[in-house]
Amino acid sequence: MDLIEKLGHSLVHHGEFNNRIFLLKYDEKDRNNITDQLNKLAETNGYTKIIAKVPAAAQPVFLKDGFTQEAFIPSFYQGEQDVFFMSKFLSDERKKAPSSALDTLTDLLAQPQNNNGAVLAKEFKLTLLSPKEAPQMSELFGKVFETYPFPVTQPEYIRETMQEETVIYFGIWHNQQLVGISSAEVDPKNKNAEMTDFAVLPEYRGHRLAYFLLQKMEEYLTEQKYQTVYTIARLNSPGMNKTFINHGYRFSGVLTNNTNISGQIESMNVYYKKLMKNG
């Protein structure tokens with residue numbers, strides 16, 4: 001599994017599994033040498049992509065080093081400064097965009113939103129999840145995903161993220177069985193959250209469980225005064241993309257050949273939504 005560690009004062013996620021470096025949290029103290037450090041780490045390990053999530057003020061540093069913008073989210077930091085996803089491809093193969101999936105995305109974005117006031121069926125129960133339910137959560141993730149970029153199939157990893165209060169998990173139950181799950185990876189300081197880790201058992205698809213999980217997460221985060229929510233959704237998953245489109249999320253770009261999920265490196269779509277105005 002890939003590592004999450006400090007590079008200077010910044011935080012990166014890197015390894016052979018995704019064959020890339022992801023600069024998760026940029027620190028302004030590294031401004032003068034961050035791209036040099038990223039390039040060196042990539043060369044040492046033979047990675048074929050570097051992706052950096054950086055504030056608008058740092059974008060020129062990455063443009064100067066040959067990075068290009070793949071996506072952005074406005075008002076990301078405390079409802080004010082934008083964030084940019086800047087990428088550098090280190091192989092021609094990694095740079096190739098999957099045209100058929102992009103055509104499907106174009107069709108989805110052209111369709112009208114479908115917010116028809118649907119209600120979760122009474123046979124299901126939607127709750128916040130707790131550390132004691134980590135074994136059931138990891139089992140569900142293992143049934144849905146052949147591979148995943150983070151070790152969500154390990155109960156101890158899930159418990160750790162809960163204890164650190166960096167991730168809030170939500171679940172849908174049917175007859176005491178956990179059948180659907182999602183999470184909000186929260187940044188309390190900057191009042192933004194990533195809506196992620198959606199997993200529904202195959203036999204329960206068709207009940208719009210992901211739709212209701214996303215709805216509940218938005219309600220919870222709005223109560224907590226979060227301002228901006230976003231997701232990085234699989235390009236090859238039309239249903240998940242439609243869920244976000246139906247909730248009013250705006251598409252802002254494709255992260256090409258970015259993430260190892262369900263057994264292969266896939267491209268990911270970035271969507272965002274403003275929950276409330278600044279202040």
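**Notes on a sheet and a few salt bridges**

1. Let's start with Glu-266: its relative accessible area is just 2%, under the 20% cut-off, so this residue counts as buried. Bear in mind as you read that this is a predicted model.

2. What does Glu-266 form a salt bridge with? The partner is Arg-234, and the closest N and O atoms of the two are 3.0 Å apart. This pair links distant parts of the chain, 32 residues apart: Glu-266 sits in strand S13 (residues 264-274), while Arg-234 belongs to strand S11 (residues 228-234). Arg-234 has a relative accessible area of 21%, which makes it partly exposed.

3. Searching the whole structure turns up eight salt bridges, and another one of them joins Lys-88 to Asp-65, with 2.6 Å between the closest N and O atoms. Lys-88 is in strand S6, and Asp-65 is in the loop between helix H2 (59-64) and S5, so this pair ties together parts that are 23 residues apart in sequence.

4. Is Lys-88 buried or exposed? Its relative accessibility is 14%, so Lys-88 counts as buried, the cut-off being under 20%. Asp-65, for its part, comes out at 23% and therefore counts as partly exposed.

5. Then there's the pair Glu-93 and Lys-96, whose side chains meet in a salt bridge at 3.3 Å, N to O. Here both residues are exposed.

6. On to the sheet that S6 belongs to. It is an open sheet of six strands with mixed pairing, and going across it you meet S1-S2-S3-S4-S6-S5. Which strands stand at the edges? They are S1 (3-7) and S5 (68-77); each has a single partner strand, so one side of each is left without a neighbour in the sheet. On average, neighbouring strands of this sheet are turned by 20° against each other, direction ignored.

7. If you want to look at one strand pair in detail, try S1 and S2. S2 covers residues 10-15, and it runs antiparallel to S1, with five bridges joining the two. Lys-6 is a handy place to look: it stands opposite Leu-11 in S2.

8. Last, what lies across S1, S2, S3, S4 and S6? That is helix H1, made of residues 34-45. Among the strands H1 lies across, S3 covers 20-25, S4 covers 49-55 and S6 covers 81-89. The helix runs at about 145° to S3.

Technical notes
Residues are numbered from 1 along each chain as its sequence is written. This is a predicted model: local features need pLDDT of at least 70, side-chain atom pairs count only at pLDDT 80 or more; totals for chains, interfaces and linings use all residues. Side-chain values use heavy atoms; hydrogens and water are left out. Two strands pair if DSSP finds at least two bridges between them. Helices (H or I, at least four residues) and strands (E, at least two) are DSSP runs, numbered from the N terminus. Axes are lines fitted to C-alpha atoms, for helices over the stretch in contact, and angles run from 0 to 180 degrees between N-to-C directions. Contact means heavy atoms within 4.5 Å. A salt bridge is a side-chain nitrogen of Lys or Arg within 4 Å of a carboxyl oxygen of Asp or Glu. Buried means under 20% relative accessible area, exposed over 50%, partly exposed in between (1.4 Å probe, protein chains only).
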